[in-house]
2 protein chains.
Amino acid sequence: MTATRYHHGNLREARAQAAVEAAREHGPDGLAIRELARRVGVSHNAAYRHFADREALVDVVAQVAMQGLTDAMARRQDDVDRTAPDDVPPSPQERARARLRATGLGYVDYALAEPGLFRVLFTAYPEAPDATPDADDPFGRLNLALDEMVEVGALDPARRPGAEIACWSAVHGFSMLLLEGPLRGLDPDTRTACLDVLLDTLDRGHPAA
Amino acid sequence: MTATRYHHGNLREARAQAAVEAAREHGPDGLAIRELARRVGVSHNAAYRHFADREALVDVVAQVAMQGLTDAMARRQDDVDRTAPDDVPPSPQERARARLRATGLGYVDYALAEPGLFRVLFTAYPEAPDATPDADDPFGRLNLALDEMVEVGALDPARRPGAEIACWSAVHGFSMLLLEGPLRGLDPDTRTACLDVLLDTLDRGHPAA
DNA sequence: GCCCCATGTGGACGCCGTCAACATGAAGGA
DNA sequence: TCCTTCATGTTGACGGCGTCCACATGGGGC
């Protein structure tokens with residue numbers, strides 16, 4: 001896999017990289033085969049040696065985005081333990097709640113930091129989220145966080161099924177409304193305030209007066 | 001505004017109707033100016049007498065979808081009072097909670113019943129949801145429902161700000177994950193079960209064991 | 001040193017949105 | 001009644017897109 005092999009260098013790599021860059025800038029619309037060919041300095045159609053069709057190209061970018069999303073969530077989750085004071089360790093329940101909240105924060109973090117990649121991801125998200133929680137998958141991380149909630153007694157096991165979809169829906173909806181929905185243009189301060197309310201609501205529901 | 005006036009009948013109307021039909025079947029991708037021209041039996045470019053560009057056409061369909069969404073929410077809300085037993089009227093708190101839940105149910109109802117129109121709506125949703133709650137607007141109906149929650153003491157007024165965005169995010173995210181996200185293919189039973197969990201979570205939060 | 005086949009090229013087709021120039025005919029005033 | 005005007009519809013063109021095809025090229029294995 002040395003560089004500049006073949007006729008034109010290892011094009012697949014260059015092409016994928018250019019695709020990620022374009023998607024980062026212009027979202028799904030930036031993923032045009034011909035435009036990318038131009039950007040890499042190769043003729044259109046060359047892409048078809050490496051990608052079956054446009055969809056395959058999108059899938060490659062989506063995989064990158066998926067990893068980025070996972071990382072963003074992991075970063076926030078790790079923050080929970082890192083920023084906890086050593087002398088007064090939080091209770092397991094507090095920690096579990098904090099980690100669940102961090103999961104959501106990381107999700108929205110990524111959506112806002114990489115709107116283009118985030119939007120590409122959700123035009124090509126693989127259908128069946130694997131049932132086995134996997135820390136290297138956004139949905140898996142969420143499931144692990146919820147399992148922890150149950151383990152430490154912060155969540156009634158009877159209400160565990162479906163909780164992952166509820167949480168995912170909430171942060172995903174918030175992200176979509178912000179990115180390409182009616183909440184675009186919401187200023188950053190209001191944004192974080194609303195996210196706080198959202199995560200609180202998931203945690204405590206609508207508290208009566 | 002008689003029918004078949006002008007050269008070709010009142011084309012604007014026919015065109016808009018065809019657009020709605022196409023969007024209903026194929027979502028935003030169905031809204032192609034040329035394709036619609038063919039469908040109406042008129043030459044391409046005729047559209048430009050009535051719509052500035054493709055975006056204007058999308059806006060027309062989005063308005064129809066907006067009305068449909070409002071109606072779906074209203075229907076579910078009206079069901080609350082209609083199905084309540086006359087002899088044992090629910091408490092005001094119960095009624096408010098039920099109406100808020102109905103608001104969410106109606107939202108998802110419409111997303112599932114008219115996926116094409118729903119998706120078009122959210123490629124052209126007007127930016128600033130008006131601050132004044134209006135019963136003829138989806139966001140307004142949600143706000144009214146939440147205001148009722150506060151009035152009857154079912155929601156702490158201090159937690160009212162942002163609640164509308166939390167609720168909207170949740171049902172919107174759920175709809176998007178179902179329509180074009182990783183939850184497409186979820187069978188109807190699991191679907192309604194998950195929606196129940198989602199709405200319960202908004203109401204009561206994550207209850208401890 | 002030669003041949004094969006992976007890789008890249010150029011052209012074509014049918015879509016799309018959009019602009020400009022032209023055609024048509026209904027409406028309304030002379 | 002006729003003639004003009006202007007809204008409405010048509011034809012053609014341009015550039016961009018994804019995709020299929022036939023063809024060119026040259027590096028690596030024999």
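Here is a chat between a biologist and a modeller about this predicted two-chain model.

Biologist: Let's start simple: how many helices and strands are there in chain A?

Modeller: Walking from the N terminus, the elements go α-α-α-α-α-α-α-α. As for size, the C-alpha atoms of chain A fill a box of roughly 65 × 35 × 35 Å along the principal axes. The tally for chain A is 8 helices and 0 strands.

Biologist: And what share of the contacts in chain A with a separation of 6 or more comes from residues 24 or more positions apart?

Modeller: For background, chain A has 209 residues, and 41% of them count as buried. Among contacts in chain A with a separation of 6 or more, the share from residues 24 or more positions apart is 67%.

Biologist: On to the interface: which helix gives the most to the side of chain A that touches chain B?

Modeller: In total, 43 residues of chain A are in contact with 43 residues of chain B. Helix H7 (163–180) and helix H8 (188–204) of chain A each put at least two residues into that side. By class, the side of chain A that touches chain B has 27 nonpolar, 10 polar and 6 charged residues. The top contributor, with 12 residues, is H7(A).

Biologist: Which residues does Ala19(A) contact, leaving aside its neighbours within four places in sequence?

Modeller: Ala19(A) is worth a look, since the largest nonpolar core has 113 residues and Ala19(A), Val61(A), Leu121(A), Ala19(B) and Val61(B) are the ones touching the most other members. In general, nonpolar side chains in soluble globular proteins tend to be buried together. Setting aside the neighbours within four places, the contacts of Ala19(A) are Leu31(A), Leu36(A), Leu57(A), Val60(A) and Val61(A).

Biologist: Over in chain B, is Val60(B) buried or exposed?

Modeller: Val60(B) sits in helix H3 (residues 54–83) of chain B, and beyond its neighbours within four places it contacts Ala16(B) and Ala19(B). The C-alpha atoms of Val60(B) and Ala16(B) are separated by 7.0 Å, although the two are 44 residues apart along the chain. The cut-off for burial is 20 or more other C-beta atoms within 10 Å. Val60(B) has 21 of them, so it is buried.

Biologist: Now helix packing: how are H6(B) and H7(B) oriented to each other, roughly parallel or oblique?

Modeller: Helix H6 (residues 138–151) and helix H7 (residues 163–179) of chain B pack at about 125°, with their axes 10 Å apart, and the crossing is right-handed. Phe139(B), Leu142(B), Asn143(B) and Leu146(B) of H6(B) make the contact with Ala163(B), Glu164(B), Cys167(B) and Trp168(B) of H7(B). Those residues split into 6 nonpolar, 1 polar and 1 charged. Given that angle, the two helices are therefore oblique.

Biologist: Same helix, another partner: is H4(B) roughly parallel or roughly antiparallel to H7(B)?

Modeller: Helix H4 (residues 92–113) of chain B packs on H7(B) at about 25°, with the axes 10 Å apart. An angle under 35 degrees is what counts here, so H4(B) relative to H7(B) is roughly parallel.

Biologist: How do the residues of the contact of H4(B) with H7(B) divide by class?

Modeller: From H4(B) come Gly104(B), Tyr107(B), Val108(B), Ala111(B) and Leu112(B), meeting Cys167(B), Val171(B), Phe174(B), Ser175(B), Leu178(B) and Leu179(B) in H7(B). The split is 9 nonpolar, 2 polar and no charged.

Biologist: What about H3(B) and H4(B): how many charged residues does their contact have?

Modeller: These helices pack at an angle of about 145°, with their axes 7 Å apart, in a right-handed crossing. Arg75(B), Arg76(B) and Asp79(B) are among the H3(B) residues there, while H4(B) brings residues including Arg95(B), Arg99(B) and Asp109(B). Next to 9 nonpolar and 4 polar residues, the number of charged ones is 6.

Biologist: Last one, on the backbone: what is phi of Asn45(A) near?

Modeller: Most residues other than glycine have a negative phi. Asn45(A) lies in the loop between helix H2 (33–40) and helix H3 (54–83) of chain A, and it is exposed, with 10 other C-beta atoms within 10 Å. In chain B, Asn45(B) has a positive phi near 80°. For Asn45(A), phi is also positive, near 85°.

Notes:
Residues numbered from 1 in each chain as written. Chains lettered and ligands numbered in written order. Predicted model: local features only at pLDDT ≥ 70, side-chain atom pairs only at ≥ 80, totals over all residues. Contact = placed C-beta atoms within 7 Å. Helix = DSSP H or I, 4+ residues; strand = E, 2+ residues; numbered from the N terminus. Nonpolar A, V, L, I, M, F, W, Y, C, P; charged D, E, K, R; others polar. Buried ≥ 20, exposed ≤ 12 C-beta atoms within 10 Å, placed from the backbone. Core = buried A, V, L, I, M, F, W, Y, C linked by C-beta atoms within 7 Å. Axes fitted to C-alpha atoms, helices over the stretch in contact; angles between N-to-C directions. Parallel < 35°, antiparallel > 145°, perpendicular 65-115°, else oblique. Left-handed = near helix turned anticlockwise from the far one by under 90°.
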